[in-house]
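Biologist: Got a minute to go through this model with me? I'd like to start with how two of the helices pack.

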Amino acid sequence: MKILVTGAAGFIGMHTALCLLRRGDSVVGIDNLKDYYDVRLKHSRLEQLVGQGDFRFETIDITDRPVMAGLFAREGFDRVVHLAAQAGVRHSLVNPAAYVDSNLVGFLTVLEGCRHHAVQHLVYASSSSVYGGNTRMPFAEHDPVDHPASLYAATKKANELMAHAYSHLYRLPTTGLRFFTVYGPWGRPDMAPFLFTRAIIEGRPIDVFNHGNMRRDFSYIDDIVAAVVRVSDRPPSADGSFDPAHPDPASSSAPYRVFNIGNQQPVSLLEFIGQLERQLGRPAEKRLLPMQPGDVETTYADTSALARWIDFSPNTPLADGIARFVAWYRDFYRI
């Protein structure tokens, strides 16, 4: 297979490209190498892909319509794994335009490329944030997600709607994956595991929002990537049991699916910090703060639909995942 991975210099993108290369696929990776966080980390991720097989990288911004159209016309991709996006809930409060540009305009260029060049399957990143104000746990794909708590969440919900329109109109097989708090080696510096680890090592206090009463369905990167690759191997077809009188948001009469992809085991933020403290061998100074705008108190994935679809079952215990992350962090930063 010849596969386009957008956001290849990102956390999930790098790991996904590496998994595809190791099984023998040809991978073209693109990324705009934006300085939302340290670009040196992005370059270091790309270095992990060099020499791993048939891999090429191009610095491309997915919002550049002519360049993206040329890329699709030139390459003839079999599949696309679209992971490029402006990420981060809190950043959407201060720079909303970046989310409209990357997550809406950028996604449109990907959809158009897939439509016009007979791509067999588009797999794209959605987010657990689409559940917004929902309080019924665990979050299930069959529940409505009409009350986003941030613009970031709204753009991810919009991606699912845009994908459905293209699946319906052009019979383009699309699968959206709602990621739940992915962590592990090479993770993003703006996320809690990275921020907490750096602060604890440097002896600085860490900000713990909602006074520590937060629970997250932390999902280890290797489990997530294994699921992404398996999903890419199974393009959806129309759901023959779909009832338009009682529409299920997770399926369709079009070749369209949406799945949760998480660990099914939410843990408290304080428990997560405790695991970091044990691995780092030092306590964290905690600064307890109120809930931040755009945050939700708990995320908890029902992944039963994904388990039926691809026989997916995450199997990395939190303690093991954190140990691997801390080991990578110490090695990468020579601490």
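Modeller: Sure. In this predicted model, the axes of α6 and α10 come within 11 Å and cross at roughly 60°. Axes here are lines fitted to C-alpha atoms, for helices over the stretch in contact, with angles from 0 to 180 degrees between N-to-C directions. Helices are DSSP runs (H or I, at least four residues) and strands are E runs of at least two, numbered from the N terminus.

Biologist: So what does that make α6 relative to α10?

Modeller: Oblique. Angles under 35 degrees count as roughly parallel, over 145 as roughly antiparallel, 65 to 115 as roughly perpendicular, and the rest as oblique.

Biologist: Which residues make the contact?

Modeller: From α6 it's Pro193, Phe194, Thr197, Arg198 and Ile201, and from α10 it's Phe325, Trp328 and Tyr329. Contact means heavy atoms within 4.5 Å. Those residues divide into six nonpolar, one polar and one charged. For that split, Ala, Val, Leu, Ile, Met, Phe, Trp, Tyr, Cys and Pro are nonpolar, Asp, Glu, Lys and Arg are charged, and the others, Gly among them, are polar.

Biologist: Which residues of α6 are buried?

Modeller: Pro193, Phe194, Phe196, Thr197, Ala199, Ile200 and Ile201. Buried is under 20% relative accessible area, exposed is over 50%, and partly exposed is in between (1.4 Å probe, protein chains only).

Biologist: And what covers them?

Modeller: The cover includes α2, β7, β8, α8 and α10.

Biologist: Let's take α8, then. Where does Ile273 sit, and what does Ile273 touch?

Modeller: Ile273 is in helix α8 and is buried, at 0% relative accessible area. Not counting residues up to four places away in sequence, Ile273 touches Phe196, Ile206, Val208, Ala284 and Lys286.

Biologist: Now α2. Is Arg45 buried or exposed?

Modeller: Arg45, in helix α2, counts as buried because its relative accessibility is 0%. Leaving aside neighbours within four places in sequence, Arg45 is in contact with Ala9, Gly10, Phe11, Met14, Tyr37, Trp186, Gly187 and Arg188.

Biologist: What happens just after α6?

Modeller: Gly203 takes a positive phi of about 75° there.

Biologist: Any caveats on the numbering or the cut-offs?

Modeller: Residues are numbered from 1 along each chain as its sequence is written, and side-chain values use heavy atoms, leaving out hydrogens and water. Local features need pLDDT of at least 70 and side-chain atom pairs count only at pLDDT 80 or more, while totals for chains, interfaces and linings use all residues.
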